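Biologist: Could you walk me through this model before I go back to the bench? I'd like the overall picture and then one residue.

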Amino acid sequence: MTKDKLGVGFIGSGFITRFHMQSWIGVREADVRGVWSPNLEHAEETAALGRRLRIGETKAFATIEAMVAAPEIDCIWLCGPNHARVANVQAVVEAMAKGGKLIAIATEKPLARNVAEARKILDLVEKAGLLHGYLENQLFCPGLVRAREIAWARGAAVSGRPFLARAAEEHSGPHMPWFWRGDLQGGGVLNDMMCHSLEVSRHMLTKPGAPRGSIKPVQVSAQIASLKWSHPDYVKQLREAMGPEVDYARHPAEDFARATVRYVDETGRPLIAEATTSWSFVDAGLRLSMELLGPEYSLSVNTLDSGTKLFFSRKVKGSAGEDLVEKQNAEQGLMPLLGSEPTEYGYEAENRHFVRAFLDGVQPEENWRAGLEVVELLMTAYMSAEQEKSLDFRPKDLDTFIPAVARGTWKG
C-alpha cells in the first residue's frame, strides 16, 4: 500500500459506534471518515461527534453503496444490529463488485446469529478478497494483556502451563430493544455476551505466540435461565422501557447463562474454560472479570475494582445516566470510576491493532474465521442447555441449528 493512513467508515450509528469513536483518539494510523445508518439523522449526529473528537472529517452517507464507493473510505467497521448483519455484508460486497476499492472489513461481536449466517458472510467477504477482523475488545484490555504476558513468561515458564480460565460479563441489561428480542438478536445473554467470555477464556489458555488452534475444544456443557426479567414486575418494566414488541411474558430470552468448555492442548492435556454471563446483575455498573489459574500462579481482573472512586451522600441527587461507568445503576453512594472506559475495555488497543494490520495488508489472526469458531461454541452451548447434557464438539446438525430462544419457542 502507498497510504500511510486509512479512512474508516462505520455501518451503524448507535452506542457501540460512539464507543469506538471515543477510543479513536488513540489511533494514529486511521481517520474516521464516514457513518451510515438507516436513520440519516442519527448518522449525521454520530458524524458530528467524530468531527468534535477531531478523529477525522467524518460525514454521513445516505447509502452503504455510496460510502463503499467513496475514495476516502478504505475499511468498514460493521457495528449494526445482529439481524442486519447479512444484509449489511451483502450490500458491502455488491458495492465492491461495482467498483468499490475497500481493503478490509471488521465486525462487532458476535459474528452472526447462528452458524449458517456466519458461514454465509465469511464466504462473501473472502470471495470479495477483503481482509477481515473480528472485533473482540476484551482480548485487548490493557490489564489483561500485561497480566497474561507475565503469567506465561514467569509462572508457566517455571511451573507449567495454565489449566483453568474463567471469564464473566455481567450488567443489568442492554441499551436497545432489539438486543432483548431473541428473533432479532439471535438469542439472549448467552449469544450477546458469552461470545466475549468464551473467546477471552480461550485466549488466556493459549500460549502467547501460539496459533489459536493450538488448543482444541472437545466438549461443551451449558445452562440458561430467565432469573429476573420474566418476573411480572420486570416484564412490565421492560415493556415500558423498550416498547410492546419486547414481551417477556410471551417470548422471554435468557438473562443468565453459564458454560464450561473442555479443551485439550497439543499434548492432549485437558484444559477447562468457564464462562458466566448475566443481564440480571445489579452493582455499580458493567463488570468484566477474568481469571487464569496455573500450577503455582494465578491472575485476576475485575473492572469494578477501580483505583478511583467517588462518593455522593444522599443529599446529592441528580438524573440517571452513565457518566461514571457503563450500565450505571446508581447516582449516590460509593461509585467506581474508570478514567477511560474505551481504553480499559480494550477498544483503543483493539482498533489500533486492526488498523495497523489492514494498513500493512496483513490478515489478523482474530478474524472472521475466529468469529465463526466462537459462534459454533455458542450454538453448541445452546444445544447443550436445551438437551440438558454435555455435548461433544462439534455436535451433529450444528450448521443448521437455531436456538429455541431465537425461534420464540423457549419458555424460560
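**Overall fold and one aspartate**

Biologist: How much of the contact count comes from residues far apart in the chain?
Modeller: Keeping in mind that this is a predicted model, residues 24 or more positions apart account for 76% of the contacts in the chain that have a separation of 6 or more.

Biologist: And how many helices and strands does the chain have?
Modeller: There are 14 helices and 15 strands in the chain, and its C-alpha atoms fill a box of roughly 55 × 50 × 45 Å along the principal axes.

Biologist: What does the radius of gyration say about a compact globule?
Modeller: The two agree, because a compact globule of 412 residues would have a radius of gyration near 22 Å, and the chain has 21 Å.

Biologist: OK, what about burial and surface?
Modeller: Of the 412 residues, 56% count as buried, while the accessible surface comes to about 17800 Å², with 51% of that belonging to carbon and sulfur atoms.

Biologist: How far apart are the mean positions of the positive and negative charges?
Modeller: The mean positions are 1 Å apart, taken over 48 positive and 53 negative charges.

Biologist: Switching topic: where does Asp 192 lie, and is it buried or exposed?
Modeller: Asp 192 belongs to helix α9, which spans residues 189–205, and it counts as buried because its relative accessible area is 5%, where the cut-off for buried is under 20%.

Biologist: Which residues does Asp 192 touch there, leaving out those up to four places away in sequence?
Modeller: With those set aside, Asp 192 is in contact with Lys 109, Pro 174, Phe 179, Gln 185 and Trp 279.

Definitions and conventions:
Residues are numbered from 1 along each chain as its sequence is written. This is a predicted model: local features need pLDDT of at least 70, side-chain atom pairs count only at pLDDT 80 or more; totals for chains, interfaces and linings use all residues. Side-chain values use heavy atoms; hydrogens and water are left out. Helices (H or I, at least four residues) and strands (E, at least two) are DSSP runs, numbered from the N terminus. The radius of gyration is taken over C-alpha atoms; the globule rule is 2.2 Å times the number of residues to the power 0.38. Buried means under 20% relative accessible area, exposed over 50%, partly exposed in between (1.4 Å probe, protein chains only). Contact means heavy atoms within 4.5 Å. Accessible areas come from the Shrake-Rupley method with a 1.4 Å probe; for residues, only the protein chains shown count as cover. Lys and Arg count as positive and Asp and Glu as negative; His and the chain ends are not counted. The place of a charge is taken as NZ of Lys, CZ of Arg, CG of Asp or CD of Glu.
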